[in-house]
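User: I am in my first year and would like a close look at how the helices pack against each other here. Please explain each term as you go.

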Amino acid sequence: MIEVLEALWPLFVLIVAGYYMQKHGFPGQGFWPGAERFNYFILFPALLFKSLATAPLNDPALPRLLAAVVLVLAVCSAGLLVARRVHAWPAARFGVMLQGTLRFNTYLGLAAIGGVFGKEGLLLAAVMLALLVPIVNVMAVLALSAGRHTSLKALLLPIVKNPLILACLAGALVNQTGLEIKWGTDRLLALLAASSLPLGLLCVGAALKPGELHGELGALVTNSLTRLLLVPAVAFGCAVLTGLPVIERSILVLFFALPTAPTAYVLTRQLGGDSHLMAGIITLQTLLSAASLMLVLILMS
């Protein structure tokens, strides 16, 4: 338990610091949008590229890990579709519920996995991201656009231009072709990557909106508990079913125990979803995850 606490508390200190820095206008209101964009387009892609370029893609457990990821998504998607039919959710609400259940806070995830499992964990997490990011983004866009005419171009363009997806593809290509990263490029990537997660966690805190927690209490709590407790349980069952080794199983469960992504709010607003509910879900899940992640890690250990 002490090891889990030591791995997680610095991450949430950064999130809380980001929230109070933004609340008190430090270093300035214009800083946070620029910092988030710089991290999203430069620093975080560098981290993903570097991790995937050196990831053990010949790991014999990797096909089972990716199969387990797809199985978790399939089971959770089926449950969401049943819930949508039962509650008659419109697209604006269904898209929010899907994002609250299936999207994940990548900054917090990689920081937690790196703290608990080290470099090996980061490499496996990067491989999972290469599969999860495009699939979950497509599902989110489809859910928010359900019932509306959406062209193939409008659906695929955000995916094709996503810097995280491009970084994953480039890193996997370098890995498979055996290209060597040299002449100091590996050091440059390491410096950029090292800056990404601390800045990302500060930005997560700055994006929290406690004022959006009023109203919709039942939906907020239900979605948050589903994401933070039920989905990890589904992931554990899928990991056992696919026969994953202990480390891969733990990483899979931890990844699906993460709170949803702060960027879900931006996508929800762009596609006409219920942005008030989305902001509340992001905030409540992030706050509750301080306890739920520790609980999941202790149970897994």
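Analyst: What follows takes two helix pairs first and then two single residues.

This is a predicted model, in which local features need pLDDT of at least 70 and side-chain atom pairs count only at pLDDT 80 or more, while totals for chains, interfaces and linings use all residues. Residues are numbered from 1 along each chain as its sequence is written, and side-chain values use heavy atoms, with hydrogens and water left out.

Helices are DSSP runs of H or I with at least four residues, numbered from the N terminus. Helix α8 covers residues 185-206. Its 22 residues reach 32 Å from first C-alpha to last, close to the expected 32 Å; the expected span is 1.5 Å times one less than the number of residues. Several residues of α8 are buried, among them L189, A193, L197 and L201. Buried means under 20% relative accessible area, exposed means over 50%, and partly exposed lies in between, using a 1.4 Å probe and protein chains only. An α-helix has 3.6 residues a turn, so residues three or four places apart point the same way.

Helix α2 (residues 31-53) meets α8: their axes come within 7 Å and cross at roughly 135°. Axes are lines fitted to C-alpha atoms, for helices over the stretch in contact, and angles run from 0 to 180 degrees between N-to-C directions. The angle makes α2 oblique to α8. Angles under 35 degrees count as roughly parallel, over 145 as roughly antiparallel, 65 to 115 as roughly perpendicular, and the rest as oblique. The crossing of α2 and α8 is left-handed, which means that the near helix is turned anticlockwise from the far one by less than a right angle; clockwise would be right-handed. Their contact has 17 nonpolar, four polar and three charged residues. Here Ala, Val, Leu, Ile, Met, Phe, Trp, Tyr, Cys and Pro count as nonpolar, Asp, Glu, Lys and Arg as charged, and the others, Gly among them, as polar.

The second pair is α3 (residues 62-87) and α9 (residues 217-241), whose axes come within 9 Å and cross at roughly 135°. These two helices are oblique as well, but α3 passes α9 in a right-handed crossing. The contact (heavy atoms within 4.5 Å) includes L71 and V75 of α3 and V231 and V234 of α9. It has ten nonpolar, no polar and no charged residues.

Last, the single residues. T268, in helix α11 (residues 264-270), is buried because its relative accessibility is 0%. T263 sits in the loop between α10 and α11 and is partly exposed at 29%.
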